[in-house]
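I sat down with this one to go through its surface, its strands and its charged side chains. My notes follow in the order I looked things up.

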Amino acid sequence: MKLYTCFACLAAGASAVIARPIDTFDSKEGIGVDTGQIIGLPPSVQPPTGSIDLEATADGTLRIDYSVAERAYYGGVALGRAWNESRGCGNAAGVELTYRVLEPQSRPGVAKLSLVLVDGSDCAGAACATWPGITNEIYLFFTLGTDLDDASGEWRAIRRGLCGDLSPRSPFVRVPGWGAQGNGVLDGDSITGYWIGFRSFDRGEFTTGTIEVASLRCVESPDEPFDSCDAAPRSASLVEGARLAPAAAYSTDVGGYQTCEEYCAADARCVYYATDSRFNAVTSQFPSCHLFAELRAQDLEPAAAGLDEAFFVHDPAKRGVLCDVCACSGSTADCSGRNLATVPAASEFPATTLDLSDNPRLVLIGPRAFDGLDALERLTLPVGLAHISPEALRALPEGVDVSVEPGPREPGSFLFSTADAFEDKCCGLGDSVGGITFCNPVPDVPGVVDAEFKKMELDVFHELFDPLPPLMTITPDSPFLSEAAESASKCAAYCDFNEACQAFSGEILDPARPADSPYAKLCQHWASAPS
């Protein structure tokens, strides 16, 4: 059995042409309640996380009074049903839960409404009709807490596409590390239960409120399309290879990673956002959404240490229109010294020159940043730029002269000069676009760069260097840079990388090893050069 969760998104409930009920909520009989027991710990370790009170109304709906707060390892309460047989929704485009808020939550924005679908396709026996707990696959969808803050009293709907997998962009996403492995895909024709939940990530006071639910149904032929499993963001572009430090975000919504685009679009300050789908209940790390109004070079982290995905916002109202924020004259758009945090959106001005120099806050340029600059011939980038998407450069007119303003720079995700180096970044030489060479995020291979060296006579070498200790000795089994011991050219390449290295010896035998040993060769570097 698998558990799929959809945390409420704001969407207008639309009437459907064809729908199949999962539950009509005309009775509370058979509905179970969970107040933190799901994680299977005794109350002394995991205290109750709140309460659920149910009341069937005369209108055939269900009133739900809830209180919830995070306590110890968990912060959710839920109610739901389970069946031995499937409530098949195999042909459905999505599921729709109709509800309204009767009493907004007492602590605005704290709790999130959730919808859980139980998929029994990989489970057999009576146990499949019980509360799934942590022994089954669990899938989640998080959104903003504003769903439970609505004071209008109007009926609304959670509408989600009936698909789910490991992708954080999926309407229903499996959280790694929780539950047994099923087939990893939500099977709509095997729905054997549902749960409606209230989730808090706040360890403060309980938040309380009341909602009313009218129906949960599978929708086969909607009058409005459901979101798809592979839906790409519409108002932003994914920035490949860029990972943003969460500490630099001005706002973080814990649990809001799947509606981060909506969250950012509603905030005028947001020009970049990042999503993090990592989940660890023990360390209280939950999938999150982070909003950024500006970035510094140090806010861009290696992929392994940063967030899952970073996005560049397209909205001209947030980026500013080219000639509104820059000086446009003749055919030149002079954006230098404007304290820009992002590239302004193109206007009807036919710019042939765009100068972005002297903008220390402009450290990331994402895809589509230069869309609309169809007449551009010259582009000057700021010296502090740490990341630029290759897609942004490929979209420029052919033959554009791209340069970086003069001054010292620390190479980020690209090199502009052959004198640059990726230094401590684990990068090889990747694609070159517009005179810029991009980081290939794999360790470089010694010997593929040009490194000039001249072979010395062995007796001269011993005379000069035998009295000196080597700067570094590398063998084929060294934990780092071991490739340098494979040949003289590779030893030379690593000597060239090390500013202190003035001479090297390569392809020499280690007297401590047998001559036929694959580890017999050494690469040694010296800090002093022969006179």
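**Surface patch**

I started on the outside and found a nonpolar patch made of Leu41, Val45 and Tyr73, which together offer about 230 Å² of accessible area. A reminder to myself: this is a predicted model. I then looked up Val45 on its own. Val45 sits in the loop between strand E3 (32-34) and strand E4 (50-56). Its relative accessibility is 36%, so I put Val45 down as partly exposed.

**Strand E6 and its neighbours**

Next I turned to strand E6, residues 76-82. How many of its residues are buried? I get 6 of 7, so I noted E6 as mostly covered, with under 20% relative accessible area as the cut-off for buried.

I checked what E6 pairs with. E3 and E6 run antiparallel and are joined by 3 bridges. In that pairing I found Val33 opposite Leu79 of E6. E6 also runs antiparallel to strand E13 (residues 191-200), with 7 bridges between them. There I picked out Gly80, whose bridge partner in E13 is Trp195. A general note for when I look at side chains here: in a regular strand they alternate between the two faces of the sheet.

**Positive phi**

I went through the backbone angles with one expectation in mind: most residues other than glycine have a negative phi. Two residues caught my eye.

Phe25 is not a glycine, yet its phi is positive, at about 60 degrees. I located Phe25 in the loop between strand E2 (16-23) and E3. Is Phe25 buried or exposed? Phe25 is buried, with a relative accessible area of 0%.

Asp358 is the other one I wrote down, with a positive phi near 55 degrees in a residue other than glycine. I found Asp358 in the loop between strand E24 (353-355) and strand E25 (364-365). With a relative accessible area of 48%, Asp358 is partly exposed.

**A buried arginine**

Arg319 lies in helix H2, residues 316-319. I wanted to know which side chain of opposite charge is nearest to Arg319. That is Asp371, but it is 7.2 Å away, and Arg319 is buried with no salt bridge. The cut-off I used for a salt bridge is 4 Å, so a gap of 7.2 Å does not qualify. I also looked for what the side chain of Arg319 does contact. One of its polar atoms lies 3.3 Å from the backbone oxygen of Pro344.

**Salt bridges**

I counted salt bridges over the model and came to 17. I wrote up a few of them.

Glu103 and Arg63 form one, with 3.7 Å between the closest N and O atoms. Glu103 is in strand E7 (residues 94-103) and Arg63 in strand E5 (residues 62-68), so the pair ties together parts that are 40 residues apart in sequence. I have both ends as partly exposed: Glu103 has a relative accessible area of 43%, and Arg63 has 25%. I also noted a network of salt bridges that links Arg63, Asp65 and Glu103.

Glu294 and Arg361 form another, the closest N and O atoms being 3.0 Å apart. Where do the two ends sit? Glu294 is in the loop between strand E19 (288-292) and strand E20 (300-301), while Arg361 is in the loop between E24 and E25, so that this pair links distant parts of the chain, 67 residues apart. Glu294 is partly exposed at 38% relative accessible area, and Arg361 is partly exposed at 25%.

Arg378 pairs with Glu377, and here the closest N and O atoms are 3.6 Å apart. I have Arg378 as partly exposed, with a relative accessible area of 39%. Glu377 is partly exposed too, with 42%.

**One last pair of loop positions**

My final entry is on Ala248, in the loop between strand E16 (243-244) and strand E17 (251-254). Its relative accessible area is 21%, so Ala248 counts as partly exposed. I looked up its C-alpha distance to Leu295, which is 7.2 Å, although Ala248 and Leu295 are 47 residues apart along the chain.

Conventions. Residues numbered from 1 in each chain as written. Predicted model: local features only at pLDDT ≥ 70, side-chain atom pairs only at ≥ 80, totals over all residues. Heavy atoms only, no water. Patch = residues over 30% accessible without salt bridge, like charges linked within 9 Å, V, L, I, M, F, W, Y side chains within 5 Å. Areas by Shrake-Rupley, 256 points an atom, 1.4 Å probe, with all protein chains shown as cover. Helix = DSSP H or I, 4+ residues; strand = E, 2+ residues; numbered from the N terminus. Buried < 20%, exposed > 50% of the residue type's maximum accessible area, 1.4 Å probe, protein only. Pairing = 2+ DSSP bridges. Lys, Arg positive; Asp, Glu negative; His and termini not counted. Polar contact = N/O pair within 3.5 Å; in protein donor to acceptor, adjacent residues only side chain to side chain.
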